Amino acid sequence: MKILAFESTCDETAAAIVEDGRKILTDQIFSQADLHAVYGGVVPEIASRCHVESISILAQRAVEAAGITKKEIDAIAVSYAPGLIGAVLVGVNFAKSAALALDVPLIPVHHIKGHIAANYLAYPQLEPPFLCLAISGGNTLLVDVRDYTDMKILGATRDDAAGECFDKTARVLGLPYPGGKPIDMLAQSGNDSKYTFPVAHVDGNPYDMSFSGLKTSVINLVHNAEQKGEEIDRASLAASFTRAVSESLVPRTMMAAKELGYKKVVVAGGVAANSRIRADFKAECEKNGYELFIPPLKLCGDNGAMIAAQGYYEYLAGTRAGSDLNAYATMEL
Ligand code: KG4
């Protein structure tokens, strides 16, 4: 079964075709990051307008690159929540028109479920149940993936998402948006013990997380140093900051895997591209005897293939949308 899927929840416009949820025939992505970089973050209206300009071109390219005809498309999937509402609306409306024109079913996909499904594309043998940490620009969730479509949130950030924290830290260090990758690169030559940053523990739920205190701590350190005319060791700040994020994510995930009795640990989302976080997960999973799954870098960030992959399992579970499908800025998993 071939699914054509669309993703437009933030600043990537994407169209992909995936066969039977596992085989990528094509994955077309247009990143708007350069357009937003001058503003230091995503400007929602610019994002929406850019999606409008590029989505039909990407759809056309996807069909050509997959080497198939439109008649061979069996269903349309679309990321319909959560995200920047004006941006999500573009993908949803385009997907509805495509499903109508091709006379095929329309499948709504939760964006975070898509991130988790990126792992099915990378690891053909991976099947639920498993424990998943989803870490992206807008969400940080520890999820009990009981089945392909049945998931339960064990814990979440109470404030900023991990990716947001990377982006804000990068901004205060004068690095470009999106800041995750530049921080990752800068941290390579730094000493992760030079600065001490807080790792928050949330009362009431050991699986909940918080990153706003860490963000404030970085901002205060940089501003204080500037006021005193002191030099900051930027590489060590990036390394110490990344260590604090990792120490907030990795032990919690290990604790949840142990408590739930899972042997498979899955990491997903844009922040899963971070080299320190990947290395820490690898080391801890090896130590505890867990099998680790993290997508290759190109499948960590937003893409259409992950939406098609999850769309396939949603299709099998009977999930369908009518022509009244809407877009949502927020939605429970
Ligand atoms: O999953 P994603 O592409 O978009 C959302 O669904 O939010 O995640 C984007 C986030 C951004 O905050 C970006 O800075 C972060 O992922 N990111 C990274 C790295 N690459 C991207 N964070 C840390 N290290 C990286 N190497």
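**Exercise 1. Polar contacts of the ligand**

Task: In this predicted model, how far is an oxygen atom of the ligand from an N or O atom in the side chain of histidine 115?

Solution.
- Start with histidine 115: a side-chain N or O atom lies 3.1 Å from a ligand oxygen.
- The cut-off for a polar contact is 3.5 Å, so this pair qualifies.
- Go on to glycine 137, where a polar backbone atom is 2.8 Å from an oxygen of the ligand.
- End with aspartate 167, whose side chain places a polar atom 2.6 Å from a ligand oxygen.

**Exercise 2. The shell around the ligand**

Task: Find how much of the ligand the protein covers, and say which elements give two or more residues to the shell.

Solution.
- Alone, the ligand has 560 Å² of accessible area, and the protein covers 87% of that.
- Helices H4 (111-122), H5 (162-172) and H6 (180-187) each give two or more residues to the shell.
- The ligand is surrounded by 21 residues. Among the closest are His111, Gly137 and Asp302.
- Sort the shell by type: twelve residues are polar, five nonpolar and four charged.

**Exercise 3. Helix H4**

Task: How many of the residues of H4 are buried?

Solution.
- Take the length first. H4 has twelve residues and spans 18 Å from first C-alpha to last, close to the expected 16 Å.
- Now check cover. Eleven of the twelve residues are buried.
- The buried residues include His111, Lys113, His115 and Leu121.
- Histidine 115 thus appears twice: it is buried in H4, and its side chain has an N or O atom 3.1 Å from a ligand oxygen.

**Exercise 4. Cysteines**

Task: How many disulfides does a search of the whole structure find?

Solution.
- The search finds zero.
- Check cysteine 50. Its nearest cysteine sulfur belongs to cysteine 10, 12 Å away.
- Cysteine 50 is buried, because its relative accessible area is 7%.
- Check cysteine 132. The closest cysteine sulfur, in cysteine 300, is 11 Å away, so it is too far for a bond.
- Cysteine 132 also counts as buried, because its relative accessibility is 0%.

**Exercise 5. Asparagine 205**

Task: Is asparagine 205 buried or exposed?

Solution.
- Locate asparagine 205 in the loop between H6 and helix H7 (212-228).
- Read its relative accessibility: 19%.
- Compare with the cut-off: buried means under 20%. Asparagine 205 therefore counts as buried.
- Follow the side chain of asparagine 205: it reaches the backbone oxygen of leucine 154 at 3.0 Å.

Conventions
Residues are numbered from 1 along each chain as its sequence is written. This is a predicted model: local features need pLDDT of at least 70, side-chain atom pairs count only at pLDDT 80 or more; totals for chains, interfaces and linings use all residues. Side-chain values use heavy atoms; hydrogens and water are left out. A residue is near a molecule or strand if one of its heavy atoms lies within 4 Å of it. A polar contact is a pair of N or O atoms within 3.5 Å; within protein, one must be able to donate a hydrogen and the other to accept it, and residues adjacent in sequence count only if both atoms are side-chain atoms. Accessible areas come from the Shrake-Rupley method with a 1.4 Å probe; for residues, only the protein chains shown count as cover. Helices (H or I, at least four residues) and strands (E, at least two) are DSSP runs, numbered from the N terminus. Ala, Val, Leu, Ile, Met, Phe, Trp, Tyr, Cys and Pro count as nonpolar, Asp, Glu, Lys and Arg as charged, and the others, Gly among them, as polar. A disulfide is a pair of cysteine sulfur atoms within 2.5 Å. Buried means under 20% relative accessible area, exposed over 50%, partly exposed in between (1.4 Å probe, protein chains only). The expected span of a helix is 1.5 Å times one less than its number of residues.
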